[in-house]
Amino acid sequence: MSRIYDNKPLHNLPVINVDIPSIWDPNQYSSGDGVILEGNIKGRSRFSLTDKSHSKFRYYILHTEVQRAHRRKFESNGREIEPNFSETHKVRTGYLNSSYKVEPKGQTDKLSSDQVKDIVCHDDLTKITSPRLPKECTGCLSLWLQENEMEKMELEEGEMIRVKTSGNGPFICSITKMDAEAKTKGNYAGGENVGGSWTDKIMGMKSSQPADTSQTEGVDEDEWDD
């Protein structure tokens with residue numbers, strides 16, 4: 001059954017106008033590999049930035065309580081690869097799913113909430129969002145998403161999202177909304193179809209056929225918990 005998207009709750013948010021004393025260039029915050037994170041939306045804001053050239057830029061800010069995070073990883077040729085989600089992994093020792101052993105996998109790429117903030121937060125951006133932070137969002141990470149990326153998304157407080165940042169900054173490169181029970185996507189901003197494991201989408205893997213979530217291999221949820 002098709003679903004009608006309604007982003008009216010987001011459009012009803014008041015617009016906060018901010019003047020920037022320089023030329024606005026979000027690319028200056030996008031160096032580095034970035035992070036993949038999972039968190040809970042605790043609050044939302046809308047910002048309209050006007051820089052010294054009088055150009056306007058509109059963003060939604062998702063104030064997110066980070067629950068799980070890992071560094072993004074790339075090969076030398078620039079191709080993104082799956083991070084090391086755990087220091088150990090399960091290796092099957094037989095045909096039964098219950099037959100396995102645990103082997104070392106190397107140092108995990110897992111990050112704490114404070115480490116994520118150290119990586120993606122920038123003082124001049126924090127000065128924009130912090131004075132206008134909703135009171136229930138103290139300690140949250142403020143993630144920036146261009147307004148036009150929200151046209152097919154429904155995002156409200158209390159919902160779980162998974163995000164890939166554009167480099168070591170707070171700007172969202174891709175975002176998925178998690179299903180509370182199945183832990184799969186309900187919406188996706190970034191241009192690909194919904195379906196399959198979240199890792200496939202967030203790593204940018206594409207398929208010409210709709211993914212079968214029962215067959216798709218992804219990251220074990222218990223690996224996140226290590």
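How many bridges join S2 to S3, and do these strands run parallel or antiparallel? In this predicted model, S2 and S3 are joined by 15 bridges and run antiparallel. Within this pairing, Asn40 stands opposite Glu65 of S3. The two strands form a hairpin, with five residues between them. S3 is also joined to S8, here through six bridges, and these two strands likewise run antiparallel. One of the pairs involved is formed by Tyr59 and its bridge partner in S8, Gln146.

The turn of the hairpin contains a residue with a notable backbone angle. His54 lies in the loop between S2 and S3 and has a positive phi of about 70 degrees, although His54 is not a glycine. Most residues other than glycine have a negative phi. The relative accessible area of His54 is 67%, and because exposed residues are those over 50%, His54 is classed as exposed.

Close to this topic is the end of strand S2, where Thr50 is found. Thr50 has a relative accessible area of 14% and is therefore buried, the limit being under 20%. The side chain of Thr50 makes a polar contact with the side chain of Lys56, at 3.0 Å. Apart from its neighbours within four places in sequence, Thr50 is in contact with Val18, Asp19, Ile20, Ser55 and Lys56.

Ile20, one of these contacts of Thr50, is placed in the loop between strand S1 (15–19) and S2. With a relative accessible area of 11%, Ile20 is buried. When residues up to four places away in sequence are not counted, Ile20 touches Leu49, Thr50, Asp51, Lys52 and Ile128. Ile20 and Lys56 are 36 residues apart in sequence, while their C-alpha atoms are 9.8 Å apart in space.

The interior was examined next. The largest nonpolar core has 22 residues, and those with the most contacts inside this core are Leu37, Val116, Leu155 and Ile175. At least two residues of the core are supplied by each of the following elements: strand S2 (35–50), strand S3 (56–71), helix H2 (113–120), strand S8 (141–146), strand S9 (160–165) and strand S10 (172–178). S3 provides the largest share, namely four residues. Val116 illustrates how these parts meet: leaving out residues up to four places away in sequence, Val116 touches Val35, Leu37, Val66, Ala69, Leu111 and Leu141. A second core, separate from the largest one, consists of twelve residues, among them Val18, Phe47, Ile61 and Ile128.

The cysteines were also considered. A search of the whole structure finds zero disulfides. Cys121 has a relative accessible area of 34%, which lies between the limits of 20% and 50%, and Cys121 is therefore partly exposed. Cys173, at 42% relative accessibility, is likewise counted as partly exposed. Since a nonpolar core is a set of buried residues, neither Cys121 nor Cys173 can belong to one, as both are partly exposed.

Definitions and conventions:
Residues numbered from 1 in each chain as written. Predicted model: local features only at pLDDT ≥ 70, side-chain atom pairs only at ≥ 80, totals over all residues. Heavy atoms only, no water. Core = buried A, V, L, I, M, F, W, Y, C linked by side-chain atoms within 4.5 Å. Buried < 20%, exposed > 50% of the residue type's maximum accessible area, 1.4 Å probe, protein only. Contact = heavy atoms within 4.5 Å. Pairing = 2+ DSSP bridges. Disulfide = S-S within 2.5 Å. Polar contact = N/O pair within 3.5 Å; in protein donor to acceptor, adjacent residues only side chain to side chain.
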